[in-house]
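Let us walk through this model together, starting with its aromatic rings and moving on to a pocket and a helix. Keep the structure open beside the text as you read.

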Amino acid sequence: MSKKNKYYTVWEGENPGVYDNWKTCEKQIKGFEDARFKSFETLKEAQVAFLSSCWNYIGKNAPNSKPTADYKLLPKSEQPNLNSIAVDAACAGNPGKMEYRGVDVKTGIEIFRQGPFENGTNNIGEFLAIVHALALFFQKNPDLPVYTDSRTAMKWVKNKKCRTKHIENDSNTNLFDLIKRAEKWLNEHTYSNPVLKWETEIWGEVPADFGRK
């Protein structure tokens, strides 16, 4: 009897998504700090999980509870800097229809939203969201921190290069044009806004989360 295939959901990795073999999954998580992934018996289970919070499936509160962390309940010394902007992206499938936005952490007011873009990825959206925030505030508020929950996007911004493995085609040409513009901006400007990791485990979902988990 042949061995039953498993499916692997990668929430945090080089290219988050659903994979039908361990070898490909391993490439996404090997050497990736704070990689989050889990195996499933069926493709449907893996796909449903990908569209949900990873904390429904991994961690000490799995499988039935979401993280209950809320930065508003913490002492001020343990909270994030509220005078900041948080960014996030959402993707219906990966690749799929993608959008991103930025939110004022103190007020919850949406500052910008772009998309949806056809045939994008979550990592691309996270990258573009950070650069959008930096370009928006680097002159009028150069000390404003930018929070993201994506270490991949932080690395790409630091290196001034969107190192996606996603392929450009007729359906996403406008998205790749944005990527080129973002890379050009990073290479032509010096910004002082700190780009910081939003600590989901401690503070809960990033305020710019689209709430579709």
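Y71, Y147, W198 and W203 come together in one aromatic cluster. Rings of Phe, Tyr and Trp (for Trp, its six-membered ring) pair here if their centres lie within 6.5 Å; planes under 30 degrees apart count as stacked, over 60 as edge-to-face and the rest as tilted. By this rule the count comes to 13 aromatic pairs. One of them joins W185 and Y191, a stacked pair with 6.3 Å centre to centre and 25 degrees between the planes. W198 and W203 form an edge-to-face pair instead, at 5.0 Å centre to centre and 65 degrees between the planes.

How do these rings sit with respect to the surface? Buried means under 20% relative accessible area, exposed over 50%, and partly exposed in between (1.4 Å probe, protein chains only). W198 and W203 are both buried. W185 counts as buried because its relative accessible area is 13%, while Y191, at 25%, is partly exposed.

A word on the source is useful here. This is a predicted model, in which local features need pLDDT of at least 70 and side-chain atom pairs count only at pLDDT 80 or more, while totals for chains, interfaces and linings use all residues. Residues are numbered from 1 along each chain as its sequence is written, and side-chain values use heavy atoms, with hydrogens and water left out. The mean pLDDT (the predictor's confidence in each residue, from 0 to 100) is 87 for the protein, and 92% of its residues reach 70 or more.

W185 also helps to line the second largest pocket, together with Y100, Q114, L128, V131, H132, A135, L178, R181 and A182. A pocket is an open set of points on a 1 Å grid over the protein atoms alone, where a 1.4 Å probe fits, with protein on both sides within 12 Å along at least five of seven lines; lining residues have an atom within 4 Å of a point. About 230 Å³ of space lies in this pocket, a volume being the space filled by probe spheres set on the points, which are joined across faces, edges and corners. Its lining divides into seven nonpolar residues, two polar and one charged.

Helix α5 (residues 173-188) also holds E183; helices are DSSP runs of H or I with at least four residues, numbered from the N terminus. E183 counts as buried because its relative accessibility is 11%. Leaving aside residues up to four places away in sequence, E183 touches F127, K160, K161 and C162, where contact means heavy atoms within 4.5 Å.

Conventions:
Helix = DSSP H or I, 4+ residues; strand = E, 2+ residues; numbered from the N terminus. Nonpolar A, V, L, I, M, F, W, Y, C, P; charged D, E, K, R; others polar.
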